[in-house]
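Here is a friendly round of questions and answers to read alongside the structure. Have the viewer open as you go.

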Amino acid sequence: MTDGAATSVPTILPWQQSLWERLWQVRRSDRLPHALLLRGPLGTGKRLFAGVLAQAVLCGKNDDQGLPCGRCQSCRLFEAGSHPEYLLGEPEEDAKTREIKVDTIRELTSREVLTTQTGGRKVIVVDPAHRMTLAAANSLLKTLEEPGAKTLLLLISEEAYRLPATVRSRCQSIDFPLPPPECARSWLRQNSGFADPDLLLGLAGGAPFVALQYADPEIQSARNLALEEFVRVFQGEQDPVAIAERWLEIDRVRLLDWMAGWLLDVLRLQIGSSSQNLINPDQENLFQGLAKQVDSKLAYRLLDQVLAAKSVADSTVNPQLMLEGLLIDWAEER
Ligand SMILES: [Zn+2]
C-alpha cells in the first residue's frame, strides 16, 4: 500500500497536524467514537495516521499533544508489531482476489477477542476496508452495532463509496484530502532528496506518498519504458499482445494511472491546454507529437476503458485480457 508504511517513530505529518489536535481533544474528553472511517485518496498518509492513533490509544503515557510515549511496554510491543490488543484485518497475501474474507473479520471480532485481557483499550484496523466481501462487511456490522466498551475500530479506505451504507453510517468518517501543494512540495523535498518535487507530485496527482515512490529511479525508468512501448504500439511498431504480457510485471493500478495520465495529456494538448498543466511535463515533446496523431475520440474512449479497468483492478478480472483489450484498441483504431 502506498500510504505511508508503519513507522516506529510516532510522528504526525505536517498536513495532518490540525486534524490530530482536533481528534485528540475529542479523545481526551472521552468522546472518541468507537468506529472511525479514514477515507481519501491513496498516498495521503492515512495509514501512518491510523498507526499513530492506534499506538496513542494503547499507550498509557501520552505526551501533551497526545502522541504515544514510545517507551512504555505498550509502545514497545506496538513498535515490535506484537501488541496483543492491536488487531489488523487485511487481504490474504496470496489470495488472487485481494479480498478481506468473512473468516478474517470473524476472527478479529469474536467475543473472546473483544473481551480484552488487560482491561485496557483494544484497536481493530480493517485495511483496505472496501476490499471486504459482503459477508465480511455484514459480519463487521455486528461489532459496529455492539462494540466492546473499550474497542476502537479503524476502517481505512481509498474507495469508501464501495462500502455498504450500513457500515458507513455506523462509523464517523474522517476525510484525508490531498495536502496543499506547497506543504506536499516541502515535505517531499525533505524526504525524497529529489530535485524536482513538482514533477513527482504531478505524476502522482498530488499524493505525497505516491510521489515518494516515483522518486525511486527504478520506478522512473519503468514508467519511461512503458510510455515508450505505449507509443510504439500506437505506431504499429510493437505487438500489443506481447506488450500486454510484459506489462503484467508492472503494478496494475500504477500502470492504469500512468495510462490515464498519458491519455489526459494527449487530450489536454489537443484542446490547447498549456504545457504547465500537463501531468507529464518532462515528456512534453512526445505528447505534442501524439496529440497531432491520435484521434481524440479514440483517446476519450480509451481513457474511459482505462478508468473502468482501474475501478475493477482489485477483483478477479484477468489482467492479461484487460491489457490486451486496451492495447489492441489503441493499436488498431488510429
Ligand atoms: Zn507509550
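**After the helix, and beyond**

Just past helix H13, Gly272 adopts a positive phi of about 80°. Keep in mind that this is a predicted model.

Q: How far does helix H13 reach from its first C-alpha to its last?
A: Helix H13 covers residues 252-270, which makes 19 residues. At 1.5 Å a residue, the expected reach is 27 Å. The model comes close to that, with a reach of 27 Å.

Q: Which helices are included in what covers the buried residues of H13?
A: The buried residues of H13 include Leu255, Trp258, Met259, Trp262 and Val266. Asp257 and Asp265 are also among them. Their cover includes H9 (197-203), H11 (217-234), H14 (284-293) and H15 (296-311).

Q: Is Tyr86 buried or exposed?
A: Tyr86 sits in strand S2, residues 86-89. A residue needs 20 or more C-beta neighbours within 10 Å to qualify as buried. Because Tyr86 has 20 of them inside 10 Å, the verdict is buried.

Q: Which residues does Tyr86 touch, not counting those up to four places away in sequence?
A: Trp20 lies 66 residues from Tyr86 along the chain, and their C-alpha atoms are 20 Å apart. With residues up to four places away set aside, the contacts of Tyr86 are Ala54, Leu58, Phe78 and Val123.

Q: What distance separates the centres of domain 1 and domain 2?
A: The domain assignment gives domain 1 as 14-175 and domain 2 as 216-332. Taken over C-alpha atoms, their centres are separated by 36 Å.

How values were computed:
Residues numbered from 1 in each chain as written. Predicted model: local features only at pLDDT ≥ 70, side-chain atom pairs only at ≥ 80, totals over all residues. Helix = DSSP H or I, 4+ residues; strand = E, 2+ residues; numbered from the N terminus. Buried ≥ 20, exposed ≤ 12 C-beta atoms within 10 Å, placed from the backbone. Contact = placed C-beta atoms within 7 Å. Expected span 1.5 Å × (residues − 1). Domains from an automatic or database assignment.
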